[in-house]
There are 2 protein chains.
Amino acid sequence: MDITREELQSRMERFEEALRSSGIKLTHQRIEIFREVAKTGDHPDAEKIYKRVKKRIPTISLDTVYRTLWMLNDMGLITTLGLQRGRVRFDANVSPHHHFVCARCGRVGDFYSQDFDDLEVPEAVRSMGDVATIHVQFRGLCSRCSENNRRK
Amino acid sequence: MDITREELQSRMERFEEALRSSGIKLTHQRIEIFREVAKTGDHPDAEKIYKRVKKRIPTISLDTVYRTLWMLNDMGLITTLGLQRGRVRFDANVSPHHHFVCARCGRVGDFYSQDFDDLEVPEAVRSMGDVATIHVQFRGLCSRCSENNRRK
DNA sequence: TTTAATGCAAAAGATTTGCAACATG
DNA sequence: CATGTTGCAAATCTTTTGCATTAAA
């Protein structure tokens, strides 16, 4: 589930502009780390991103990957999903979208729905704070896992 | 945000029955660990649960807490939320409900909504797998954090 | 009594930090 | 050139595991 060339281009531009306007340096490693998260539709964890970037920057270190990912998260350029035991996964798709998560293997599928984006915020929630984003998550067995199930 | 005496009672009974019918032993520590998660409306992590149970069972060990929590999760008696960096939180409220999460401090508020429980599963999701649960999550600044903000 | 569960200590895994060397603006 | 950023190594924090001991059924 990869992203189009145009979408990637536009994410990269948004990223470079955001860093520049915050006075944060555009380093080689930051660019490659963001590109790696931005170009894929899967939701990699820090280790996976590290391995992929390492192919292009062999001297990069895992802690730089972490530092960069959390910085990008704090700037709102990527988001995190906490879906598996003790491991955070990152998502460069910051446009409103929703997820299907496989309860067995952790596989995540994105989907879009204007109806879900526009869901009304209940009164009970408004009293808790200012809502910025809404996110709907379905859980269940993905088709691959339920096939494996049947075969047993 | 604590639970009524009746609700706690009913959760405890469901728990004991579930273990008994699976042939899993009802140990002192399992009972106290479950009670601790069941009786609170906050969404504690393993460490917090450990500290609380330790007051009543001073010799309990952290690994027993972990083992028990994951077992309860696998049995569907509690669920997990992955909301903070590298730390899993547990929730004994398994009836359908939804969350407001503070983007800054991680505070979680529960709310109920029949409308959200009944949201229609889009075609795009049905093709990914069999949906078992739906969960809507709002993110934003909680009222406490936005007050602190204003004061600065 | 039998078998599963616990506690301990140690390991493993994930993430963070201090600091000297280095690259960007 | 000044300052922010990196890589390294070590530290820290969270979670898991092996094994002898203990307790539930």
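## A guided tour of chain A

Among contacts in chain A between residues at least 6 apart in sequence, 48% join residues at least 24 apart. The model is predicted, and the stops below proceed from the whole chain to one helix and then to one residue.

**Whole chain.** Select chain A and display it as a cartoon. Seven helices and five strands appear, and along the sequence they follow the pattern α-α-α-α-β-β-β-β-α-α-β-α. With the C-alpha trace alone, the extent along the principal axes is about 45 × 45 × 30 Å.

Next, display the surface of chain A. Its accessible area comes to about 8,400 Å², and 48% of this belongs to carbon and sulfur atoms. Of the 152 residues in the chain, 44% are buried. Colouring by charge brings up 26 positive and 22 negative charges, whose mean positions are 11 Å apart.

**Helix α1.** Select residues 5-21 of chain A, which form helix α1. A distance between the end C-alpha atoms gives 24 Å; this agrees with expectation, because 17 residues at 1.5 Å a residue should span 24 Å.

Which residues of α1(A) are buried? Show the side chains of L8(A), R11(A), M12(A), F15(A), A18(A) and L19(A), which make up this buried set. Then turn the view to look down the axis of α1(A): the buried residues fall within an arc of 130 degrees, so they line one face of the helix. The spacing along the sequence has a general background: an α-helix has 3.6 residues a turn, so residues three or four places apart point the same way.

Rotate to the face of α1(A) turned away from the buried side, where the exposed residues E6(A), R20(A) and S21(A) are found. To see what covers the buried residues of α1(A), add α2 (28-38) and α4 (62-74) of chain A, which are included in that cover. Before leaving this helix, select G23(A), which follows α1(A) and has a positive phi, near 70 degrees.

**L62(A) in helix α4.** The last stop is L62(A), located in helix α4 of chain A. Is L62(A) exposed, partly exposed or buried? Its relative accessibility is 27%, and because buried means under 20% and exposed over 50%, L62(A) counts as partly exposed.

Select A46(A), E47(A) and Y50(A) as well: L62(A) is in contact with these residues, its neighbours within four places in sequence being left aside. Finally, draw a C-alpha to C-alpha distance from L62(A) to I31(A); the two residues are 31 apart in sequence and 15 Å apart in space.

Methods. Residues numbered from 1 in each chain as written. Chains lettered and ligands numbered in written order. Predicted model: local features only at pLDDT ≥ 70, side-chain atom pairs only at ≥ 80, totals over all residues. Heavy atoms only, no water. Helix = DSSP H or I, 4+ residues; strand = E, 2+ residues; numbered from the N terminus. Expected span 1.5 Å × (residues − 1). Buried < 20%, exposed > 50% of the residue type's maximum accessible area, 1.4 Å probe, protein only. Arc of directions from axis to C-beta. Contact = heavy atoms within 4.5 Å. Areas by Shrake-Rupley, 256 points an atom, 1.4 Å probe, with all protein chains shown as cover. Lys, Arg positive; Asp, Glu negative; His and termini not counted. Charge placed at Lys NZ, Arg CZ, Asp CG, Glu CD.
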